[in-house]
Amino acid sequence: MVKTVTYSPAYTLVPTYECFNRCDYCNFRREPGEDEWMSLARGREILQSLREGVGPQVTEILILSGEVHPRHPRRSLWFQRIFNLCQLALSLGFLPHTNVGPLSEEEMASLKTVNVSMGLMLEQVTPKLLETVHRHAPSKQPERRLLQLELAGKLGIPFTTGVLLGIGETPLDWCNSLREIARIHSRWGHIQEVILQPQRLGQRQESQLQGFELTQLPEVVGLAREMLPSEVTLQIPPNLVETPEILLACLEAGARDLGGISPRDEVNPDYPHWQSQRLREILEPAGWQLCPRLPVYPRFNPWLSPKLRSQVEAIS
Ligand SMILES: O=c1nc2n(C[C@H](O)[C@H](O)[C@H](O)CO)c3cc(O)ccc3cc-2c(=O)[nH]1
Ligand SMILES: C[C@H]1O[C@@H](n2cnc3c(N)ncnc32)[C@H](O)[C@@H]1O
Ligand code: MET
Ligand code: SF4
């Protein structure tokens with residue numbers, strides 16, 4: 001019997017690395033003012049060469065960004081740039097998936113018109129992290145992030161969320177966070193996948209956190225599989241799991257997706273992805289077939305605007 005595991009051939013665009021939050025584990029952010037924003041001209045250059053070069057197999061453009069404070073005068077400029085980059089990616093035949101932190105209802109509704117799915121990691125719901133790793137990260141207030149998941153449901157946006165592991169939480173916290181995701185999904189049915197993301201040390205982060213103990217990952221996958229309904233796919237990032245044994249154990253425990261695979265993991269640049277050929281060499285002897293997918297799962301196609309829907313159907 002062939003068992004399949006999916007991934008999304010992706011490329012990541014970063015509108016800006018500047019961020020008003022300072023999560024202790026972050027290897028991505030730059031200080032506001034110290035990073036130039038990506039111009040539309042630059043975005044076009046990158047996407048066009050992707051089209052002409054290696055890229056016809058790339059379908060997803062992941063828009064991943066640092067954040068400007070919701071009440072800062074530059075917020076609307078920041079948002080407009082993100083919107084325009086999505087629009088550009090669409091016009092060149094790609095499918096955008098945006099994850100740029102919490103957004104207002106108006107911002108979400110507007111991005112829905114130019115994204116086939118969107119995402120925001122819940123991280124963990126325990127408020128005690130606001131005194132530790134998230135002490136300088138107002139965007140990581142659990143209430144704020146839960147509201148975002150609700151809003152996405154209300155607006156009918158196919159959504160990706162997940163938990164970040166190894167940031168000072170306990171196993172009971174894993175249950176509590178997963179239960180909240182299950183609860184919100186039971187109301188709206190919009191969660192397409194949940195990422196189980198181990199926190200990994202990088203060269204730029206500020207704190208001396210321990211990374212997540214990876215041998216525990218299959219156990220967390222098993223727990224998530226028990227707590228979430230079967231239509232919600234479990235995703236693990238293969239470049240962060242370190243060994244083929246742990247990767248295969250996660251699949252045995254119920255993970256079925258490896259997420260976006262792009263030339264550079266912008267969040268964890270110190271952990272390059274294995275080539276898809278290398279991944280196949282690990283997966284196939286164990287009976288797993290690696291299959292590409294789109295950033296929106298097929299059952300959500302009817303949720304998309306006619307324009308987005310026909311673009312998705314043309315690609316698939
Ligand atoms: O390459 C990465 N892709 C990340 N992605 C991309 C993700 O794997 C794909 O975009 C989705 O599976 C949709 O196809 C995220 C997407 C989200 O919605 C939320 C968080 C992440 C986190 C990462 C990440 O750390 N690295
Ligand atoms: C985009 C997502 O990336 C995750 N993220 C941020 N920093 C790290 C790290 N060092 N290791 C793993 N994941 C990280 C957070 O969960 C964020 O929401
Ligand atoms: C590197 S994190 C990028 C997305 C956003 N800033 C968040 O943390 O949710
Ligand atoms: S993880 Fe996201 S919110 Fe936190 S500092 Fe990094 S870019 Fe900002």
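L248 is partly exposed in this predicted model, because 19 other C-beta atoms lie within 10 Å. A buried residue would need 20 or more. L248 lies in helix α7. Along the chain, L248 and I282 are 34 residues apart. In space, their C-alpha atoms are separated by 8.3 Å.

I246 is also found in helix α7, which covers residues 244–252. I246 is partly exposed, because 19 other C-beta atoms lie within 10 Å of it. Which residues does I246 touch, not counting residues up to four places away in sequence? They are L214, T215, L217, P218 and V241. Take P218 from that list. P218 and I246 are 28 residues apart along the chain. Their C-alpha atoms are separated by 7.2 Å.

Now step back to the loop before this helix. E242 is found in the loop between β7 (233–235) and α7. Its backbone deserves a look. Most residues other than glycine have a negative phi. E242 is not a glycine, although its phi is positive, at about 75°. Is E242 buried or partly exposed? E242 counts as partly exposed, because it has 16 C-beta neighbours inside 10 Å.

A second glutamate belongs in this part of the tour. E123 has a positive phi of about 65°, although E123 is not a glycine. E123 is found in the loop between β4 (117–119) and α4. Its surroundings come next. E123 counts as buried, because it has 26 C-beta neighbours inside 10 Å. The cut-off for a buried residue is 20 or more.

Follow that loop into the helix. Helix α4 spans residues 142–155, and helix α5 spans residues 171–188. These helices pack against each other. Two packed helices are described by the angle between their axes and the distance between the axes. For α4 and α5, the angle is about 20° and the axes are 9 Å apart. That angle makes α4 roughly parallel to α5, because angles under 35 degrees count as roughly parallel. The crossing of α4 past α5 is right-handed. On the α4 side, the contact is made by L146, L149, E150, G153 and K154. On the α5 side, E180, I184, R187 and W188 meet them. By class, this contact has four nonpolar, one polar and four charged residues.

The ligands come last. How many residues surround ligand 2? There are 13, and the closest are Y25, M121, L164, Q199 and V267. The shell around ligand 2 has five nonpolar, six polar and two charged residues.

Turn next to ligand 3. It is surrounded by C19, C26, F28, L64, G66, E67, N99, V100, G101, L120, M121 and V267. By class, that shell has eight nonpolar, three polar and one charged residues. M121 and V267 appear around ligand 3, and M121 and V267 are also among the closest residues to ligand 2.

Ligand 4 completes the walk. The residues around ligand 4 are C19, N21, R22, C23, C26, F28, R29, G66, E67, G101, A137 and S139. This shell has five nonpolar, four polar and three charged residues. C19, C26 and F28 are among the residues around ligand 4, and C19, C26 and F28 also appear around ligand 3.

Terms used: Residues numbered from 1 in each chain as written. Chains lettered and ligands numbered in written order. Predicted model: local features only at pLDDT ≥ 70, side-chain atom pairs only at ≥ 80, totals over all residues. Near = placed C-beta within 6 Å. Nonpolar A, V, L, I, M, F, W, Y, C, P; charged D, E, K, R; others polar. Axes fitted to C-alpha atoms, helices over the stretch in contact; angles between N-to-C directions. Helix = DSSP H or I, 4+ residues; strand = E, 2+ residues; numbered from the N terminus. Parallel < 35°, antiparallel > 145°, perpendicular 65-115°, else oblique. Left-handed = near helix turned anticlockwise from the far one by under 90°. Contact = placed C-beta atoms within 7 Å. Buried ≥ 20, exposed ≤ 12 C-beta atoms within 10 Å, placed from the backbone.
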